[in-house]
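Thanks for coming, everyone. I would like to spend a few minutes on the interior of one protein, going from its core to its aromatic rings and then to its cysteines and one serine.

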Amino acid sequence: MELYLVPITRHNWEEAIALKVLPAQDQFVASNLYSLAQAKAEPEWNCRGIVVEESFRQFVKAVCGRRSYDYKIRKRESTDTRKRVSWRRRRMVGFIMDGHQVLGEKFDGYWICRFMLAADYQGKGFGRMAMKALLEDVRRCGYHQVYISFVPENAAAKGLYTSFGFADT
């Protein structure tokens, strides 16, 4: 399974605004529709989708469970001599809004303003993978100071961010 950060464009914006967090988390993050509108008005913000690409085997394993997956694949491999077709499925699982911000003398750096994962994809490691990819991308662009904003009552987000070295300021 591979994870990519892709720009939100006219081809995928509807997929981005369809992503929803758990109802109890609505108070912690602005909607993706609001974020896209804000980025249109404030062009220093980048909006990106967190996209996961999986192979057919990974998809079948997730849907059927381990036993069914192993049986179906083994049976097919032992009797099927045809060439296999490469099948991959891409799906957007989250949304990020980030960018370079200068807010007076105190804050000048790269900001992660919004970071969300859809409810169905939380707790599966996608957030950690996406944050790692985002921070690598930010470092590659030459930024050494990264700020993140979140609601302090969001314990799951705070745990993720502190595990990457973010600290309260």
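What follows is a walk through the side chains of this model.

Please keep in mind that this is a predicted model, where local features need pLDDT of at least 70 and side-chain atom pairs count only at pLDDT 80 or more, while totals for chains, interfaces and linings use all residues. Residues are numbered from 1 along each chain as its sequence is written, and side-chain values use heavy atoms, with hydrogens and water left out.

Let me begin with the largest nonpolar core, meaning a set of buried Ala, Val, Leu, Ile, Met, Phe, Trp, Tyr and Cys residues joined through side-chain atoms within 4.5 Å, where buried stands for under 20% relative accessible area, exposed for over 50%, and partly exposed for what lies in between, with a 1.4 Å probe and protein chains only. This core has 40 residues, and those touching the most other members are I50, F95, I112, F115, M131 and Y161. Among the elements that give two or more residues to it are β1 (2-7), α2, β2 (46-55) and β3 (88-103), but β4 gives the most, with seven residues. Helices (H or I, at least four residues) and strands (E, at least two) are DSSP runs here, numbered from the N terminus.

Turning to the aromatic rings, how many pairs does a search of the whole structure find? The search finds six, where rings of Phe, Tyr and Trp (its six-membered ring) pair if their centres lie within 6.5 Å, and planes under 30 degrees apart count as stacked, over 60 as edge-to-face and the rest as tilted. The F115 and Y161 rings are edge-to-face, because their centres are 6.3 Å apart and their planes stand at 85 degrees. Since F115 lies in strand β4 (residues 107-117) and Y161 in helix α6 (residues 155-163), this pair ties together parts 46 residues apart in sequence. Y161 also pairs edge-to-face with F166, at 6.3 Å centre to centre and 75 degrees between the planes. F115, F150, Y161 and F166 form one aromatic cluster.

As for the cysteines, counting a disulfide as a pair of cysteine sulfur atoms within 2.5 Å, we arrive at zero disulfides. The closest cysteine sulfur to that of C47 belongs to C113 and is 9.1 Å away, too far for a bond. C47 is buried, at 11% relative accessible area, whereas C141 is exposed, at 54%.

Finally, S35 sits in helix α2 (residues 32-41) and is buried at 0% relative accessibility. Leaving aside neighbours within four places in sequence, S35 is in contact (heavy atoms within 4.5 Å) with A30, C47, F95, M97 and R114.
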